[in-house]
Amino acid sequence: MQINKVKGTYDVLPHESYRWHALEEKIHQILKKYNIKEMRTPIMEYSEVFHRQTELSDMVTKETYDFDDRSDRKLTLRPEGTAGIIRSYVENKLYASQELEKVYYIGPNFRYERPQKGRYRQFYQFGVEAIGAVDPALDAEMIMLAYDFIKKLGLKGVTVRINSLGDDASRKAYQEALTNHFMPHKETLCDDCKARLDKNPLRILDCKVDQKHPAVIQAPTPQDYLNEASRDYFHKVIEHLNASKISFEIAPKLVRGLDYYSHTVFEIEADIEGFGAQNVLGGGGRYQKLVSELGGPDLGGIGFACGMERLLLALEAENIELEKEDVLDAYVIVFNDDLKIEASKVLYELRQADLIADMNYTNKAFKGQLKQALRLGAKYLVIIGEEEFKRGVAGIKDTKTEKQEEVPMGRIKKYLLEKVGK
Ligand code: HAM
C-alpha cells in the first residue's frame, strides 16, 4: 500500500534541493557580514515554552501540535523560532556576559493551519533575534537587516511595513479603546471574537472570519494611543531608517498575530503579480516580557522571521535564480560489463579532482547509458570501448560540440580539468 505525505507538508525532490541550498548559503553569507552567529534549538520543547498565559494568539491556542511523550511529558512541536531561542538563551545564561546576544536560525516549524499555496503545516523559517537591549537603533538595525536581506536576494516587488504598538501603558490604553469600540458590536462578531473581546481584543483585528466586518475596518489604530515616550521611541526608529535611506511604509493598522510584541512591529510584504494570498514573506517586532516570562531577567529583545517557502516562491515569481543547478562534468560510459572496473577507477579519480562525475549502475546497454548521460546534462562523455582500452585510450566527447578526441587513460583527469576549467 502506498502511503502519502501528511496533509500540508511537502517533499523537496532531488532536482529542487539546489534552490534550498542556494537560499541557505545566501543566509549564512549575509549573516556572517553582520557578525551574527547561527543557533540551533530542538524542534520540540516542553509545551509551556509556547503555551504561556499571556500568549493567546490563534497560533498558540489552536494551531500547535501538542502531544504526550511516552513518559507523559507534555511536548509541543515548535510553531515558531523565537520562544525556543529565548528558552535556550535563559537556560544557557547567555545574558551573563551583559552583551547583547544576536543570533540567527533556520529550521522547520509546525502549525495546524488550513494549507494553501505558501501556507503549510510544516514550513521553514529563517529568523534573527537580538536579545538584551532596548534601543531604537537596534529596532532599526533589525529592519535594515531584513531590508538588506531582501535586496541581496534581488527581490524587487517587496515592501517593508512598520508600526508601533507602544509600551505597556500605551498597549493597555489601546486595548481598552478596542474593547469600548467592539463592545456595541459584540453580538455580530464571530464566536471566537466574542471570546477575544474579553481576553485580548487585539486579536480581533487579525481574525480570518471577521476581516471585512465594518467594526474591524473602522477600529482605532495603536498609533492613536501611543504615549509620549512610545511616540518618541518610534520616531527615533524612523529617523535611523531615514538616515540610511531604507524605504518603508508606515502601516497604522499593523498589529501582528502574536501577543508578545510591544513598540516596533514590522512585516515584509511581496507585491508581486500572481503571487497569491500568502504574500507576507516575513515579520517581526520587539518583545519586552518574553525573556522574563521564560524565567530570565527583565531584558527586552527584537527579531523577525521569514518563511523560506515564501521566499523561494517570490524568487521564482521574479525569475531570480540564486544559483544554477550543478551539472555533471563527466559521465563515464562502457561498452561492456568487463570494463566497469576501469570505469569506476576513472570515476573515483575524477571525483577526487573535484569534478562532478557519474556512471551507470543499472547495466544499461551503450545506447541506454548515452541517453542517461544526456538526460543528466553531462558536459563530457568518457567512453571506454574494448578496442580503445586495449590501446590504452578512451574517447572523450564534448556533448555540446559533439567533437570527440582520443585521450590516453592516464591523462583523462588532466584533460577534463583543463576543459571544464577547474
Ligand atoms: P510569524 O509572522 O508568525 O512570526 O511568522 C513569520 C513568517 O513565517 C511569516 O511571515 C511567513 O512568511 C512564515 N509562515 C508563518 N506561518 C507559515 C505557514 N503556515 N506556512 C508557511 N510559512 C509560514 C513569527 O513566527 C515570529 N517568531 C517572528 C519573530 C521573530 N518575532 C520576533 N522575532
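Where does Glu45 lie? In this predicted model, Glu45 is part of strand 2. Residues are numbered from 1 along each chain as its sequence is written, and the model being predicted, local features need pLDDT of at least 70, side-chain atom pairs count only at pLDDT 80 or more, and totals for chains, interfaces and linings use all residues. Side-chain values rest on heavy atoms, with hydrogens and water left out.

Strand 2 belongs to an open sheet of three strands, set in the order 2-4-3 with antiparallel pairing. Strands here are DSSP runs of E with at least two residues, helices are runs of H or I with at least four residues, and both are numbered from the N terminus; two strands pair if DSSP finds at least two bridges between them. Strand 2 (44-46) and strand 3 (65-68) sit at the edges with a single partner strand each, so one side of each has no neighbour in the sheet. On average, neighbouring strands of this sheet are turned by 35° against each other, direction ignored. The axes behind such angles are lines fitted to C-alpha atoms, for helices over the stretch in contact, and angles run from 0 to 180 degrees between N-to-C directions. As a rule, strands of a sheet pair through backbone hydrogen bonds, either parallel or antiparallel.

Now for the pairings themselves. Strand 2 is joined to strand 4 (residues 74-77) by three bridges, the two running antiparallel, and Tyr46 has Leu75 of strand 4 as its bridge partner. Next to Tyr46 in the numbering comes Glu45, which counts as buried at 5% relative accessibility (buried means under 20% relative accessible area, exposed over 50%, partly exposed in between, with a 1.4 Å probe and protein chains only). Leaving aside residues up to four places away in sequence, Glu45 touches Phe50, Lys74, Leu75, Thr76, Gly84 and Arg87, contact meaning heavy atoms within 4.5 Å. Over on the other edge, strand 3 and strand 4 pair antiparallel over four bridges, and Asp66 is matched with Thr76 in strand 4. Strands 3 and 4 make a hairpin with five residues between them, and Asp72 in the turn has a positive phi of about 60°.

Aromatic rings are the other topic. The whole structure holds 12 aromatic pairs; rings of Phe, Tyr and Trp (its six-membered ring) pair if their centres lie within 6.5 Å, with planes under 30 degrees apart counted as stacked, over 60 as edge-to-face and the rest as tilted. Tyr10 and Tyr120 are edge-to-face, because their ring centres are 5.2 Å apart and their planes are at 65°. Tyr10 lies in the segment before helix 1 (17-33) and Tyr120 in the loop between strand 5 (101-110) and strand 6 (122-131), so this pair ties together parts 110 residues apart in sequence. Tyr10 is partly exposed at 27% relative accessibility, while Tyr120 is buried at 19%. The rings of Phe126 and Phe149 have centres 4.8 Å apart and planes at 50°, so that pair is tilted. Phe126 comes from strand 6 and Phe149 from helix 4 (residues 136-153). Phe126 is buried at 0% relative accessibility, and Phe149 is buried at 0% too.
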